[in-house]
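Work through the exercises below with the sequence and the model at hand. Each task is followed by a stepwise solution.

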Amino acid sequence: MPGPGMVMYEEEFHQITQILEKLVKDANSKVVFLVDKNGQLIAAEGATENLDTTSLASLTAGNIAATGGLAKLLGEKEFSILFHEGERDNLHISIVGMRVILVVIFDNRSSLGLVRLRVKKSSEELGRIFDNLMKKAEAEATGGSSPFAEITDDDIDNLFSE
Amino acid sequence: MSFINYTSREINCKIVYYGPGLCGKTTNLQYIYDKTNPTAKGKMISLATETERTLFFDFLPLSLGEIRGFKTRFHLYTVPGQVFYDASRKLILKGVDGVVFVADSQLERMEANIESLENLRINLAEHGYDLDNIPYVVQYNKRDLPNAAPLDELKKLLNPTNVPEFEACAVTGEGVFDTLKAVAKLVLQELRKGR
């Protein structure tokens with residue numbers, strides 16, 4: 001089986017949201033979010049109220065997966081940055097530490113240059129956090145302290161009791 | 001690969017519906033979407049061609065309720081069934097926690113079923129998974145059609161390892177939720193093992 005799934009702890013989550021909050025401000029952007037390559041939303045900051053972040057996460061991961069497929073066909077490892085330009089809003093998508101996807105939504109109050117610059121800095125910080133997170137998750141997995149180790153068949157059946 | 005978030009106390013799992021073209025994968029998801037309480041589901045996304053054939057994937061997020069204080073969320077995906085979309089199919093299996101193989105019961109689709117099942121095994125292996133070691137169920141769809149093959153034959157050809165199997169008619173919804181429940185259960189049991 002491939003390695004363990006992603007686990008997010010309180011401490012790292014706060015570090016991550018702080019970095020994303022800062023990126024929203026520094027890049028003059030509207031929304032910033034992080035997705036894992038399987039399409040699960042990790043965190044989102046900025047004006048997310050009217051956004052369907054779950055769908056955005058899944059489509060972003062699909063987009064990165066398709067682009068990654070293209071890259072392989074061309075003999076590239078991956079295309080680490082994608083940029084989509086709209087009439088109003090633009091999307092800057094980049095891969096952090098080969099594992100997670102950082103998405104910045106911005107309009108004409110910012111610019112591609114500024115976003116790229118700020119994303120680069122944030123990516124380095126995020127990359128370090130995810131490295132630690134993976135080590136921690138692996139250690140916990142081998143330690144066998146899964147929060148689900150204790151669940152019973154009844155717990156599972158109860159989910160479907162309606 | 002599940003995603004456990006201790007901060008929001010959520011667990012996210014990914015289930016993929018696999019099977020030959022026109023076997024009813026999207027119909028399964030559509031039925032689940034139609035019959036689920038609006039508070040328990042997100043938007044269903046279909047990346048399809050103009051003729052409503054799946055081009056990349058369908059996506060439906062579902063919440064199943066809480067287990068030991070953790071909200072359980074399942075992300076359901078379908079793959080494009082048509083043979084030439086293999087590159088896309090491969091991508092969607094990334095990080096999968098559970099698989100539903102939807103078979104088309106019609107006699108004339110038997111070869112397509114077998115081919116798709118072999119393709120599933122190969123594509124999973126590319127991601128490092130073994131179909132015999134992951135949560136996996138089989139659904140025999142279109143049981144209502146007059147040209148449906150006998151169940152015994154389907155079992156013999158498509159379910160030699162005897163995983164949980166269900167007869168279904170996705171258009172009317174028969175067997176759709178039984179299939180989903182079975183695979184979700186297997187995924188949760190797998191989580192209990194700590195993988």
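In chain B, take the contacts between residues at least 6 apart in sequence: 70% join residues at least 24 apart. Contact here puts the C-beta atoms, placed from the backbone, within 7 Å. The model is predicted: local features need pLDDT of at least 70, side-chain atom pairs pLDDT 80 or more, while totals for chains, interfaces and linings use all residues. Residues are numbered from 1 along each chain as its sequence is written, and chains are lettered from A in the order in which they are written.

**Exercise 1.** State the fold pattern of chain B and judge its compactness.

Step 1. Count 5 helices and 8 strands. These are DSSP runs (helices H or I, at least four residues; strands E, at least two), numbered from the N terminus.
Step 2. Read them in order: β-β-α-β-β-β-α-β-α-β-α-β-α.
Step 3. The radius of gyration of chain B is 16 Å, close to the 16 Å of the globule rule for 195 residues, so chain B is as compact as a globular protein of that length. The radius is taken over C-alpha atoms; the rule is 2.2 Å times the number of residues to the power 0.38.

**Exercise 2.** Describe the side of chain B that touches chain A.

Step 1. Chain B contributes 39 residues and chain A 35 residues.
Step 2. Elements of chain B supplying at least two residues each include strand E2 (10-18) and helix H5 (176-192).
Step 3. E4(B) gives the most, with 7 residues.

**Exercise 3.** Find how E1(B) pairs with chain A.

Step 1. Strand E1 (residues 6-8) of chain A runs parallel to E1(B), over 3 bridges. Pairing needs at least two DSSP bridges.
Step 2. Val7(A) has Ile4(B) as its bridge partner.

How values were computed: Contact = placed C-beta atoms within 7 Å.
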